[in-house]
Amino acid sequence: MEPDRRAQPAFLEASGVTMRFGDHVAVRDVTLGLARGEVVSIIGPSGAGKSTFLRCVNLLEIPTQGTLRVGETSLSVGSGVKPKERDIQALRRQLGMVFQNFNLFPHLTVLRNVSLAQERVLGRSPAEAEARSMALLERVGLADKAGAYPGRCSGGQQQRVAIARALALDPAVMLFDEPTSALDPEVGAEVLAVMKELAAEGMTMIVVTHEMAFARDVSDRIVVMVDGAVVEAGEPHQVMSNPSHPRTRTFLSAVLDR
Ligand SMILES: Nc1ncnc2c1ncn2[C@@H]1O[C@H](COP(=O)(O)OP(=O)(O)OP(=O)(O)O)[C@@H](O)[C@H]1O
């Protein structure tokens, strides 16, 4: 029988995360814990605060309030106190992020895109970084594109390069912010297949997604956000087939009817 990951202590914990932009509360007191190897999909209507919450976890947005912890590294923010850059970097080092729009450097080859941060951030030698990059490009099925520039790659290929680049820094947790939203469905499927493999290999992942099939089939848990807050969380089949919150029902009937 599969071990119940949720019985284990949380490996990543976001507690009481709130993000305000002026008077607007984009994320409202969100608490989420993930066990090592757990895959959580965050779903919900447009503007619900899903991406903002993910960006808070990675400290791309410094939350107005909240505590974040990955393993032994934690950081609390609030009361207008600015966190130290060193503490931000320590937490961020454990998190790999994949964005909707790939964010590759257009003037660097695919190989350099994957190698650069390994040299700059981890201090790997160029040869070491290149060897690791090639292994990762192989893994995402793009070894033959190593010498190409991103502009010569399809969107799906660019996104797989972005995944390889994030993995190259050996993150403990991968964060995906709507990784297939900018892609046609068939190209998106290539990216989803790579993510599915990562999940099967035991990577801890938070995925903000509009891909209901991925959320249902690959996640251990689905979290539903509406108006900045978590309204429901549970096992995929339970949330998808028997949602308890009226806002989840409204959201699901709108997306599943499409
Ligand atoms: N930098 C910002 N400044 C001001 N408001 C922002 C900023 N970033 C996000 N918001 C607002 O916060 C709210 C949540 O946005 P967010 O992008 O997190 O939602 P989302 O659930 O990811 O939506 P979608 O599914 O459309 O991507 C929105 O009302 C958005 O306009």
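## A walk from two helices to the ligand

Start by selecting Gly-155, Gly-156, Gln-159, Arg-160 and Ile-163 in helix α5, then add Val-187, Gly-188, Glu-190, Val-191 and Val-194 in α6: these two sets of residues meet each other. By type, the residues of this contact divide into four nonpolar, four polar and two charged. Keep in mind as you look around that this is a predicted model.

Now show the two helices as cartoons, α5 as residues 155-167 and α6 as residues 185-200. Their axes come within 8 Å and cross at roughly 20 degrees. Angles under 35 degrees count as roughly parallel, so α5 is roughly parallel to α6. Turn the view to look at the handedness: the crossing of α5 and α6 is right-handed.

Next, select Ala-182, in the loop between β7 (173-177) and α6. Is Ala-182 buried, exposed or partly exposed? Ala-182 is partly exposed, because it has 16 other C-beta atoms within 10 Å, and that class lies between exposed, at 12 or fewer, and buried, at 20 or more. Leaving aside residues up to four places away in sequence, Ala-182 touches Gln-100, Asn-101 and Gly-155. Draw a distance from the C-alpha atom of Ala-182 to that of Gln-159, 23 residues apart along the chain, and you should find 9.7 Å.

Last stop: the ligand. Select Phe-21, His-24, Ala-26, Gly-44, Ser-46, Gly-47, Ala-48, Gly-49, Lys-50, Ser-51 and Thr-52, which surround the ligand. This shell divides into three nonpolar residues, seven polar and one charged. Colour β2 (24-34) and α1 (50-57), since each supplies at least two residues of the shell. Which element gives the most to the shell? That is α1, with three residues.

Note on methods: Residues numbered from 1 in each chain as written. Predicted model: local features only at pLDDT ≥ 70, side-chain atom pairs only at ≥ 80, totals over all residues. Axes fitted to C-alpha atoms, helices over the stretch in contact; angles between N-to-C directions. Helix = DSSP H or I, 4+ residues; strand = E, 2+ residues; numbered from the N terminus. Parallel < 35°, antiparallel > 145°, perpendicular 65-115°, else oblique. Left-handed = near helix turned anticlockwise from the far one by under 90°. Contact = placed C-beta atoms within 7 Å. Nonpolar A, V, L, I, M, F, W, Y, C, P; charged D, E, K, R; others polar. Near = placed C-beta within 6 Å.
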